[in-house]
Amino acid sequence: MSSSESLHTALTEIGSKVREEMSERDVENLFLETDFYKSLGFQGTGVDIRSEYTLPDNRRPDFVTLNNYEDVTTVYEFKTSGRELVEHEGQLFHYMNELRSDYGVLTNGQELRVYERGESTPLETLSSVSIT
C-alpha cells in the first residue's frame with residue numbers, strides 16, 4: 001500500500017471513530033492506534049515520535065516527530081473533539097518557532113490543519129469525517 005493510501009486509510013478510520021467531546025488524550029490515541037504516524041513513514045514512539053517534549057519555557061507540545069539527526073520536523077497539537085482550532089494556532093506557532101520545526105499539525109480529530117513555519121494560513125485543511 002502506498003503512503004498516500006495508508007494515510008487515507010488512517011484518516012478514514014479516525015473519522016469513523018471520532019465522537020463529540022472526546023478528550024484531548026482520546027484524540028491523541030486515535031492517531032496512534034490508526035497508524036497515522038506509520039503512514040507518514042515514522043517508526044514509533046520512543047524512536048522518532050516523542051510525546052510531551054519539554055521546551056525551555058516548560059511548555060509541552062503533545063507530540064513531535066524527529067528526523068535521523070533528532071531534529072524536530074513536525075509539531076502535533078491535539079484538542080478535544082468539537083473544539084474550534086483557530087483559537088489554538090498561537091500555541092502551535094509558539095511550539096513550531098521554539099523547536100524550529102518545519103511543520104505543525106493542529107487537530108481535534110474531526111479537522112486537521114497542516115501549517116508551515118512562518119505562515120499563518122494552513123497549507124492543508126482536511127476533514128477526517130469526510131475524507132474522499
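**Charged side chains in a predicted model**

Q: How many salt bridges are there in this predicted model?
A: Side chains of opposite charge can pair when their charged atoms come close. Here a pair counts when a side-chain nitrogen of Lys or Arg is within 4 Å of a carboxyl oxygen of Asp or Glu. By this rule the count is 6.

Q: Which residue forms a salt bridge with Glu13, and where does the pair sit?
A: The pair sits in helix H1, residues 3-17. The partners are 4 residues apart, so about one helical turn separates them. Glu13 is partly exposed at 28% relative accessibility, and its partner is partly exposed at 37%. The closest N and O atoms are 2.8 Å apart, and the partner is Lys17.

Q: Which parts does the salt bridge between Glu70 and Arg50 tie together?
A: The closest N and O atoms of Glu70 and Arg50 are 3.5 Å apart. The two residues are 20 apart in sequence, so the pair ties together the loop between S2 and strand S3 (72-78), which holds Glu70, and the element that holds Arg50, strand S1.

Q: Are Glu70 and Arg50 buried, partly exposed or exposed?
A: Partly exposed runs from 20% to 50% relative accessible area. Glu70 has 47%. Arg50 has 23%. Glu70 is therefore partly exposed, and Arg50 is likewise partly exposed.

Q: Which residue forms a salt bridge with Lys79?
A: Lys79 is buried, and so is its partner. The closest N and O atoms are 3.2 Å apart. The partner is Glu77.

Q: Why does Asp62 have no salt bridge, and which side chain of opposite charge is nearest?
A: Asp62 is buried, in the loop between strand S1 (49-51) and strand S2 (63-66). A salt bridge needs the nitrogen and the carboxyl oxygen within 4 Å. The nearest side chain of opposite charge is 5.4 Å away, so Asp62 has no salt bridge by this rule. That side chain belongs to Lys79.

Q: Which residue has its backbone nitrogen 2.7 Å from a polar atom of the Asp62 side chain?
A: Asp62 touches several residues, not counting those up to four places away in sequence. Among them are Glu24, Glu28, Arg50, Tyr76 and Glu77. The backbone nitrogen in question lies 2.7 Å from a polar atom of the Asp62 side chain, and it belongs to Phe78.

Q: Which residues are linked in a network of salt bridges?
A: The network includes Arg113. Two glutamates are linked with Arg113. The residues are Glu89, Glu111 and Arg113.

Conventions:
Residues are numbered from 1 along each chain as its sequence is written. This is a predicted model: local features need pLDDT of at least 70, side-chain atom pairs count only at pLDDT 80 or more; totals for chains, interfaces and linings use all residues. Side-chain values use heavy atoms; hydrogens and water are left out. Buried means under 20% relative accessible area, exposed over 50%, partly exposed in between (1.4 Å probe, protein chains only). Lys and Arg count as positive and Asp and Glu as negative; His and the chain ends are not counted. A polar contact is a pair of N or O atoms within 3.5 Å; within protein, one must be able to donate a hydrogen and the other to accept it, and residues adjacent in sequence count only if both atoms are side-chain atoms. Contact means heavy atoms within 4.5 Å.
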